[in-house]
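Dear colleague,

I am passing on a structure for you to look through, and I would be glad if you kept it open while you read the notes underneath.

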Amino acid sequence: MSIGMHQFVRIAVPGVFLITVMVLCVVMMFKKKTVLAIAILVIGFIGYGYGGYKLTYSVPVKCPKCSGKAYAKKSPKGDLYYECTECGHIEKTGWSQSDWGD
Ligand SMILES: [Zn+2]
């Protein structure tokens, strides 16, 4: 996928997932299944954090230069960039990863 698509997917997919988790949690609350609601919320947040991380760093994007596989990386400053595994091209995004809190 393209870098733009990757940026969208890594934000949108965990976002939709988190909304689903919250809806499920509210449904369980209404059904008075508080323990289950809390469990869903905890597992949901872990899944959200892990999924977001995986989507960001493990899903390759298409290198704009050679169409090879490029992976997201984080600079020491915390900025997100893509590094191509085939030609070594670095594509900066201007995105900060501080929102993932790692
Ligand atoms: Zn490349």
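The notes below begin with the whole chain and then turn to a helix, a core and some single residues.

Please keep in mind from the start that this is a predicted model. The protein chain has two helices and four strands, and if you follow these elements from the N terminus on, you will meet them in the order α-α-β-β-β-β. The radius of gyration of the protein chain is 17 Å, whereas a compact globule of 102 residues would have one near 13 Å. Along the principal axes, the C-alpha trace spans about 55 × 25 × 15 Å, and of the 102 residues in the protein chain, 14% are buried. If you consider the contacts with a separation of 6 or more, 33% of them are between residues that stand 24 or more positions apart.

Helix α1 is a good place to look next. This helix covers residues 3-30, which makes 28 residues, and from its first C-alpha to its last it reaches 41 Å, close to the 40 Å expected at 1.5 Å a residue. Which residues of α1 are buried? They are H6, R10, P14 and C25, and what covers them includes helix α2, residues 34-57, together with strand β1, residues 61-62.

Another residue of α1 to find is L24, which is partly exposed because 15 other C-beta atoms lie within 10 Å, a count between the 12 or fewer of an exposed residue and the 20 or more of a buried one. L24 and K62 are 38 residues apart in sequence, and their C-alpha atoms are 35 Å apart in space.

The largest nonpolar core has seven residues, namely V61, C63, A70, A72, L80, Y82 and C84. The elements that give two or more residues to this core are β2 and β3, the latter being residues 79-84, and it is β3 that supplies the largest share, with three residues.

In strand β2 you will also find K74. Is K74 buried or partly exposed? K74 counts as partly exposed, because it has 17 C-beta neighbours inside 10 Å. K74 and Y57 are 17 residues apart along the chain, and their C-alpha atoms are separated by 9.0 Å.

Lastly, two residues deserve a look for their backbone angles. Most residues other than glycine have a negative phi. K32, however, is a residue other than glycine whose phi is positive, near 60°. K32 follows α1 and is found in the loop between α1 and α2, where K32 is exposed, because there are just 8 other C-beta atoms within 10 Å. S67 is not a glycine either, and yet S67 has a positive phi of about 65°. The place of S67 is the loop between β1 and β2, the second of these strands being residues 69-74, and S67 is exposed, since 11 other C-beta atoms lie within 10 Å.

With best wishes

Definitions and conventions:
Residues are numbered from 1 along each chain as its sequence is written. This is a predicted model: local features need pLDDT of at least 70, side-chain atom pairs count only at pLDDT 80 or more; totals for chains, interfaces and linings use all residues. The expected span of a helix is 1.5 Å times one less than its number of residues. Two residues are in contact if their C-beta atoms, placed from the backbone, lie within 7 Å. The radius of gyration is taken over C-alpha atoms; the globule rule is 2.2 Å times the number of residues to the power 0.38. A nonpolar core is a set of buried Ala, Val, Leu, Ile, Met, Phe, Trp, Tyr and Cys residues joined through C-beta atoms within 7 Å.
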